[in-house]
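Please open the model in your viewer and keep the selection panel at hand for a short tour.

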Amino acid sequence: MTLATQPQFEEACSTPVTSADSLGGWLMRHGYVSAGALSQALWQQALGDVSLAEVLVEQGSVNPADMCLALAEFHGTDPVNLASSPPDRAVLAGLNPQFWLKNNAIPHHVSDGITWIAVARPDRFNTLLGSLPDNLRPARPLIATRAEIHETLARTFRVPLTAAA
């Protein structure tokens with residue numbers, strides 16, 4: 001797995017996003033979705049609090065693995081397959097699983113003092129950053145599917161999640 005470097009991530013985050021750089025337009029220009037499927041997804045997205053990526057996957061326009069790759073490229077980071085590259089258990093020790101379920105995210109590993117966090121909603125990563133404890137900062141996103149994140153959280157935190165239910 002190749003990870004974006006700190007300068008690459010900062011450059012990607014500092015580039016202003018214009019309407020021409022919207023995720024939907026980007027997906028269409030890169031051949032992930034047709035104009036018709038995008039139009040239908042935008043309409044469905046307007047009906048609820050879901051991301052465009054989630055709608056496109058749910059309607060079958062883009063498969064989850066391709067969407068994960070597309071989101072990673074669009075956001076200037078890397079995808080991670082949590083089944084083949086599970087999170088470092090040391091990073092997960094003592095964490096509140098409810099917080100991570102709510103945020104569709106899971107810390108993956110620490111490298112060079114940076115916590116890499118697998119997220120299903122990269123559009124909400126800055127909000128997540130604001131609620132992270134100091135020991136998990138600085139942090140950068142990796143992209144994973146919601147299903148992989150939830151399966152990994154359920155497997156890793158089975159006992160505390162069961163007790164909380």
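Which residues of the largest nonpolar core touch the most other members? Select L27, L56, W100, I117 and L128, which hold that place among the 42 residues of the core, a nonpolar core being a set of buried Ala, Val, Leu, Ile, Met, Phe, Trp, Tyr and Cys residues joined through side-chain atoms within 4.5 Å. This is a predicted model, in which local features need pLDDT of at least 70 and side-chain atom pairs count only at pLDDT 80 or more, while totals for chains, interfaces and linings use all residues. Residues are numbered from 1 along each chain as its sequence is written, and side-chain values use heavy atoms, with hydrogens and water left out.

Stay with W100, whose contacts (heavy atoms within 4.5 Å) include L95, I106, I117, L128 and L153, residues up to four places away in sequence not being counted.

Next, select helix α3, residues 35-45, where A37, L38 and A41 are buried (under 20% relative accessible area, with exposed over 50% and partly exposed in between, for a 1.4 Å probe and protein chains only; helices are DSSP runs of H or I, at least four residues, and strands runs of E, at least two, numbered from the N terminus). Seen down the axis of α3, the buried residues fall within an arc of 100° (taken from the directions from the helix axis to the C-beta atoms), so they line one face. The face turned away from the buried side carries exposed G36 and W43, whereas the cover over the buried residues includes α2 (23-29) and α4 (52-58).

Finally, display the open sheet, whose 4 strands follow the order β1-β4-β3-β2 with mixed pairing (two strands pair if DSSP finds at least two bridges between them). Strands β3 (114-119) and β4 (139-143) pair in the parallel sense over 5 bridges, and A118 has L142 in β4 as its bridge partner.
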